[in-house]
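Subject: Structure for you to look at

Hi,

Here is the structure I promised to pass on. Please open it alongside this message, and my notes follow below.

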Amino acid sequence: MTAERLDVDGLLADPATRIVVCCGAGGVGKTTTAAALGLRAAEVHGRRTVVLTIDPARRLAQSMGLSELDNTPRQVKGIDGDNGGELHAMMLDMKRTFDEVVQQHTTPQRAAEIFGNPFYQAMSSTFSGTQEYMAMEKLGQLRATDEWDLIVVDTPPSRSALDFLDAPARLSRFLDGRMLRMLLAPARGGRSMFSLVTASFGLFSKAVQKILGAQLLTDLSGFVAALDSMFGGFRQRADQTYRILQDPQTAFLLVAAPERDAVREAAYFAERLVADRMPLAGLVLNRMHRSEVASLSADDSLAAAETLAGAGDHSVTADALRIHANLVRQTEREERVAATFTDAFPAVPTVAVTAQPADVHDVDGLRTIGALLA
């Protein structure tokens, strides 16, 4: 079954579309696709656009001619702004975003206590799940300012991107966990850290100290006590951002290369989006190959090559025919792989982007990809 073609220009031009989330496996051109979408939205449709990358790859900065990306949107120079559009780009800084949240929602004295806590220092930099939650925080911040016509999000490879979707639920589980409630109860009662680590837990405390160490437990308790007043806000904002992702103003675009693993990842993600009632806008099949002489089959091309090879000095033509045969077979193979997704999700619009002879590394290359997408 042939899938409907994805109307990328219609999606980008629609003022009701405020967020585009690009997701997929690693190495499929997802970052380039996100940047190309942002550039086209700005240049062609006159939208004030920001591209947020959560993937630590530096390719987005390089392709936009920026020396670096950080937690603050930077305007991309050299784009056509005749339509009034602007393009900005930024890369999530997990720790800085966490610091900003703390500063915004507590007093300077309490913020200093939190920043100096060893457990916070570890959690804000390396703790599993913090990056995805802070991505939700940053997306919520960008959307709340109402400064941008369009926000394009470039997520990590798809299993990590699922963590991006799961961040609110995992945060709630953490906040509602039995261990955390036990830690919070003494802290809320105003007891000292010493009593928290000793008398409050009795035998349980001794066991925990033996496993974690008294100092770590003290640091954790201090961290919990300091953040206690902020936990509700964390959960509330995460839930708000999750609802934004479910809203029609958001469009999820799956990006996949014509490879079995990448298409399988795209299908896995599509199932999740459908189950969570997330607005799946379409699939981008990146780096697809095609033949300019599709009417000449691989078998006929090889047969002609063999005939020419035995008929004199036609080696160049014979080689060209063999190359064509390999290209046709590659095209057919890619179409079969792509069909495993389109057959499973026939209602999901699809667009194919032809493979380029070289990697995209500048704004002109992004324009080319944007034109192919549209």
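How many salt bridges does the count come to? The count comes to 20 salt bridges. Please keep in mind as you read that this is a predicted model. I'll begin with the overall picture and then come back to some of those charged pairs.

**Overall picture**

The protein has 374 residues, and 50% of them count as buried. There are 17 helices and 8 strands in it. If you take the contacts with a separation of 6 or more, 77% of them are accounted for by residues 24 or more positions apart. The accessible surface comes to about 17600 Å², and carbon and sulfur atoms hold 53% of that area.

The largest nonpolar core is made up of 94 residues. Those with the most contacts inside this core are M64, L165, L245, F252, L254, F341 and L373. M64 is a good place to start looking: with its neighbours within four places in sequence left aside, M64 is in contact with A35, V51, V76, L87, A89, V363 and L366.

**Charged pairs**

Now back to the salt bridges. In general, side chains of opposite charge can pair when their charged atoms come close.

One of the pairs is R18 with D146, whose side chains meet at 3.1 Å from N to O. R18 sits in the loop between helix 1 (8-13) and strand 1 (19-24), and D146 in the loop between helix 7 (130-145) and strand 5 (150-157), so this pair ties together parts that are 128 residues apart in sequence. Is R18 buried or exposed? R18 counts as buried because its relative accessibility is 17%, and the cut-off for buried is under 20%. The pair also belongs to a network of salt bridges that links R18, R143 and D146. D146 has a backbone feature to check as well: its phi is near 60°, a positive value in a residue other than glycine.

A second salt bridge joins E100 and K138, with the closest N and O atoms 3.2 Å apart. This pair, too, links distant parts of the chain, since E100 is in helix 4 (residues 94-104) and K138 is in helix 7, 38 residues apart. E100 counts as buried at 17% relative accessibility, and K138 is buried with a relative accessible area of 5%.

A third one to look at is D276 with R272, where the closest N and O atoms are 2.7 Å apart. Both D276 and R272 are buried.

**Around helix 4**

T97 is another residue of helix 4, and T97 is buried with a relative accessible area of 0%. What is T97 in contact with, leaving aside its neighbours within four places in sequence? The answer is N71, L92, M134, E137, K138 and Q141. K138 therefore turns up twice here: as a contact of T97 and as the salt-bridge partner of E100.

Helix 4 also packs against helix 5 (residues 108-115), at an angle of about 150° and with the axes 8 Å apart. That angle makes helix 4 roughly antiparallel to helix 5, because angles over 145 degrees count that way. On the helix 4 side the contact is made by D99, V102 and Q103, and on the helix 5 side by A111, I114 and F115.

**Helices 14 and 16**

The axes of helix 14 (residues 260-275) and helix 16 (residues 315-344) come within 10 Å and cross at roughly 10°. Helix 14 is therefore roughly parallel to helix 16. R260, V263, A266, A267 and A270 in helix 14 meet V337, T340 and F341 in helix 16. You may recognise F341 from the list of residues with the most contacts inside the largest nonpolar core.

**Two more residues**

R287, found in strand 7 (residues 280-288), has a phi near 60°, a positive value in a residue other than glycine. R287 is partly exposed, with a relative accessible area of 33%.

A122 has its place in helix 6 (residues 118-126) and is partly exposed, with a relative accessible area of 38%. The C-alpha atoms of A122 and K95 are separated by 9.6 Å, and these two residues are 27 residues apart along the chain.

Happy to talk any of this over.

Best wishes

Technical notes: Residues are numbered from 1 along each chain as its sequence is written. This is a predicted model: local features need pLDDT of at least 70, side-chain atom pairs count only at pLDDT 80 or more; totals for chains, interfaces and linings use all residues. Side-chain values use heavy atoms; hydrogens and water are left out. Helices (H or I, at least four residues) and strands (E, at least two) are DSSP runs, numbered from the N terminus. Buried means under 20% relative accessible area, exposed over 50%, partly exposed in between (1.4 Å probe, protein chains only). Contact means heavy atoms within 4.5 Å. Accessible areas come from the Shrake-Rupley method with a 1.4 Å probe; for residues, only the protein chains shown count as cover. A nonpolar core is a set of buried Ala, Val, Leu, Ile, Met, Phe, Trp, Tyr and Cys residues joined through side-chain atoms within 4.5 Å. A salt bridge is a side-chain nitrogen of Lys or Arg within 4 Å of a carboxyl oxygen of Asp or Glu. Axes are lines fitted to C-alpha atoms, for helices over the stretch in contact, and angles run from 0 to 180 degrees between N-to-C directions. Angles under 35 degrees count as roughly parallel, over 145 as roughly antiparallel, 65 to 115 as roughly perpendicular and the rest as oblique.
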